[in-house]
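Trainee: Could we go through this model together? I would like to understand how each label is earned.

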Amino acid sequence: MSVLDKRGARPRHPVPAKTSGEPAGSGSPDDGRTAPERGRSSGRSGLPLLLNAASVALGIGIWWALAAAGFKLPTPPEVVERAGTLIADGTLADDALASLTRVLIGFGLGTAVAVPIGFLMGWYGIARGLIEPWIQFFRTIPPLAIIPLAVVAMGIDETPKIFVIFLAAFLACVISTFQGVVDVDRTMINAARVLGAKDATIFARVVVPASTPFILVGMRVGLGSAWATLVAAELIAAQEGLGYRMQNAQLYYDLPTIFVGLISIGILGLLMDRVLLLAERKLTGWQERR
Amino acid sequence: MTSKPAKISVQGVTKTFALGRDTFTALDDVSIDIADNEFVTVVGPSGCGKSTLMNILAGLETPTAGRALVDGAPVSGPGPERGVIFQQYALFPWLTVRQNVEFGLRTTGVPKGERRSRAEHFIELVGLERFADALPKTLSGGMRQRCAIARAYAVDPSILLMDEPFGALDALTRVKLQEQLLRTWSQDKRTVLFITHDVDEAVFLANRVIVMAARPGRVYDVIEVDPAIERNEEFRLSSEFAALRNRVWHSVYHQEGRTAAPSAAHASTS
């Protein structure tokens with residue numbers, strides 16, 4: 001299940017370990033560890049960042065060259081100029097806000113429902129038996145395919161848009177949470193049990209922290225799905241929003257506006273992902289990374 | 001020790017598992033009595049049910065027949081009077097050494113101040129005071145196991161059940177931890193049931209070595225080791241140790257005509 005490929009969603013550069021409690025070089029008599037895990041990841045700040053910047057610059061250069069060569073593309077300055085006007089008259093801010101609100105509500109609800117359900121499924125066999133077929137079934141349907149049904153059932157206001165985003169985020173997150181709970185190391189649960197922990201304590205103090213990495217990965221994937229569903233969801237009679245703006249621009253052959261919309265979606269998505277990544281690092285820094 | 005009432009009494013315990021259509025007999029009518037503060041090691045080829053025996057005593061599994069008694073009462077689940085140390089350490093990776101050691105104290109409702117001081121004491125006992133606030137991922141295997149030992153000790157169990165605790169460690173670390181375990185144990189005696197597949201380890205630590213046989217898992221031989229002997233390097237290199245080791249080795253690897261060839265890579269061949 002690619003959704004659960006934790007390593008893929010992990011930061012490529014682990015946070016440097018805290019120095020306070022490091023045994024490295026402490027001369028501990030039984031330090032059987034072969035090599036410190038640090039060192040491999042050092043130097044991230046210098047060269048790679050430079051490479052990133054160079055790559056982006058090159059990409060923009062190619063874009064510009066293609067536009068100049070007569071492809072149907074706006075040039076970067078045109079896009080920047082359009083961005084300037086859209087920012088100045090407040091359109092971009094309004095659209096971004098409208099889109100962000102939808103995504104955050106849908107994603108927030110999706111996660112809030114997915115985490116408890118994922119826990120239920122992982123912890124209670126009965127819940128799993130009852131819920132899993134539905135999840136597996138709906139997982140095979142792209143959330144966008146639900147749109148016609150959502151419109152008929154819920155009308156054309158905000159509800160169907162948010163519902164579709166909700167569904168996308170929910171499905172990504174619930175599977176991941178469920179897998180996280182199922183994957184909790186049995187010995188760890190046994191260890192808690194022999195230390196006198198009862199079910200409620202095991203759940204709160206072992207299962208929840210142990211599955212946090214999975215939940216956060218699920219949230220990141222869910223956020224990606226939510227964001228990906230946004231534009232299509234905004235095709236449903238929206239009055240504003242980045243997707244709506246692009247859709248509208250398409251009617252007038254207004255390529256710069258479409259580009260501004262695309263870039264805005266990309267940047268906002270990236271920013272939100274970074275926020276979750278930060279949370280992930282903070283909450284799951286205890287993990288051993290290989 | 002026979003006059004003392006048994007701290008742990010395993011009486012005719014049989015444990016079978018369904019294995020497809022067959023049943024697999026992990027333990028067949030096993031009876032063992034262990035006295036208070038005795039240090040017993042159990043050694044045997046893989047599949048002899050030694051881990052199953054430990055799980056039954058820990059209350060993590062129930063016997064198919066027979067019963068396991070602790071202090072005269074049948075085991076009916078895990079309890080804080082029986083500390084368990086697992087081969088895979090089973091530390092909680094999101095907790096620091098100190099928080100790991102305090103885990104059992106929290107679940108048993110020990111007030112915060114006392115929790116602190118007791119954790120402090122046992123962290124010191126295993127020599128991890130400099131790493132009290134470190135996360136397990138920053139510790140070596142040996143240090144992790146020491147932390148697990150401190151965690152088990154902290155809830156003050158009268159029995160320690162250890163399931164191949166040093167099995168994943170290199171030979172040098174293992175010897176150091178064996179000595180440290182005995183030091184800890186002699187300062188603060190508990191009844192210990194120590195499972196291992198390492199004959200040297202079994203002989204070095206034990207007051208009594210129980211040799212088990214596989215298919216079905218059963219007690220094959222019991223070898224007493226004089227508790228008065230001081231466990232140190234001298235003992236490890238003595239002819240007395242060699243003789244005991246030979247006896248246990250023979251018992252483990254040449255059981256009733258069928259030779260469990262010592263090709264098993266995990267057998268210590270030093």
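Mentor: Gladly. With 22 C-beta neighbours inside 10 Å, B:Ala213 counts as buried. Keep in mind that this is a predicted model.

Trainee: What makes B:Ala213 count as buried?

Mentor: The label needs 20 or more other C-beta atoms within 10 Å. B:Ala213 has 22, so the residue is buried. It sits in strand β9 (residues 208-213) of chain B. Leaving out residues up to four places away in sequence, B:Ala213 touches B:Gly44, B:Cys48, B:Arg218, B:Tyr220 and B:Gln255. As for B:Leu95, 118 residues away along the chain, its C-alpha atom is separated from that of B:Ala213 by 39 Å.

Trainee: Why is A:Arg274 called buried or exposed?

Mentor: Exposed residues have 12 or fewer such neighbours. A:Arg274 has 10 C-beta neighbours inside 10 Å, so the exposed label applies. This arginine belongs to helix α11 of chain A. Its C-alpha atom is separated by 9.4 Å from that of A:Arg220, although their positions lie 54 residues apart along the chain.

Trainee: And how do you know which label fits B:Pro80?

Mentor: Its count is 17 C-beta neighbours inside 10 Å. Buried begins at 20 and exposed ends at 12, so B:Pro80 is partly exposed. The residue is in the loop between β5 (73-74) and β6 of chain B. Setting aside neighbours within four places in sequence, B:Pro80 is in contact with A:Gly196, B:Gly104, B:Thr108, B:Val155 and B:Pro157. The C-alpha atoms of B:Pro80 and B:Ser158, 78 residues apart along the chain, are 8.8 Å from each other.

Trainee: A:Gly196 is on that list. Where does A:Gly196 lie, and what is its phi?

Mentor: A:Gly196 comes just after α8(A) and takes a positive phi of about 95 degrees. In helix α8 (residues 186-194) of chain A, the buried residues are A:Met188, A:Ala191, A:Ala192, A:Arg193 and A:Val194. These pack against α9 (199-233) of chain A, together with α1 and β6 of chain B.

Trainee: Now the helix pair. Why is α9(A) described as parallel or antiparallel to α11(A)?

Mentor: Start with the geometry: the axes of α9(A) and helix α11 (residues 255-284) of chain A come within 10 Å and cross at roughly 175 degrees. Angles over 145 degrees count as roughly antiparallel, so α9(A) is roughly antiparallel to α11(A).

Trainee: Which residues meet there?

Mentor: From α9(A), the residues include A:Thr212, A:Leu216, A:Met219 and A:Trp227, and from α11(A) they include A:Met272, A:Leu276, A:Ala279 and A:Leu283. By class, this contact has nine nonpolar, three polar and three charged residues.

Trainee: What makes up the secondary structure of chain A?

Mentor: Chain A has 11 helices and zero strands. Of its 290 residues, 32% count as buried. Among contacts in chain A with a separation of 6 or more, 74% are between residues 24 or more positions apart.

Trainee: Which residues touch the most other members of the largest nonpolar core?

Mentor: They are A:Ile165, A:Ala169, B:Leu57, B:Ala150, B:Leu193 and B:Val248, out of 139 residues in that core. Helix α7 (residues 158-182) of chain A gives the largest share, 16 residues. The core also draws at least three residues from each of domain 1 (1-77 + 161-168 + 189-270) and domain 2 (82-156) of chain B. As for A:Ala169, its contacts beyond four places in sequence include A:Gly106, A:Phe107, A:Leu223 and A:Ala226.

Trainee: How many residues of chain B are in contact with chain A?

Mentor: 34 residues of chain B are in contact with 26 residues of chain A. On the chain B side, β6 (82-85), α2 (97-107), α4 (141-154) and α5 (171-187) each give two or more residues. That side has 19 nonpolar, 10 polar and five charged residues.

Trainee: And what separates the centres of the two domains of chain B?

Mentor: The centres of domain 1 and domain 2 of chain B, taken over C-alpha atoms, are separated by 26 Å. Their contact takes 11 residues from domain 1 and eight residues from domain 2. On the domain 1 side, β7(B) supplies the largest share, three residues.

How values were computed:
Residues are numbered from 1 along each chain as its sequence is written. Chains are lettered from A and ligands numbered from 1 in the order in which they are written. This is a predicted model: local features need pLDDT of at least 70, side-chain atom pairs count only at pLDDT 80 or more; totals for chains, interfaces and linings use all residues. A nonpolar core is a set of buried Ala, Val, Leu, Ile, Met, Phe, Trp, Tyr and Cys residues joined through C-beta atoms within 7 Å. Helices (H or I, at least four residues) and strands (E, at least two) are DSSP runs, numbered from the N terminus. Domain bounds come from an automatic or database domain assignment. Two residues are in contact if their C-beta atoms, placed from the backbone, lie within 7 Å. Ala, Val, Leu, Ile, Met, Phe, Trp, Tyr, Cys and Pro count as nonpolar, Asp, Glu, Lys and Arg as charged, and the others, Gly among them, as polar. Axes are lines fitted to C-alpha atoms, for helices over the stretch in contact, and angles run from 0 to 180 degrees between N-to-C directions. Angles under 35 degrees count as roughly parallel, over 145 as roughly antiparallel, 65 to 115 as roughly perpendicular and the rest as oblique.
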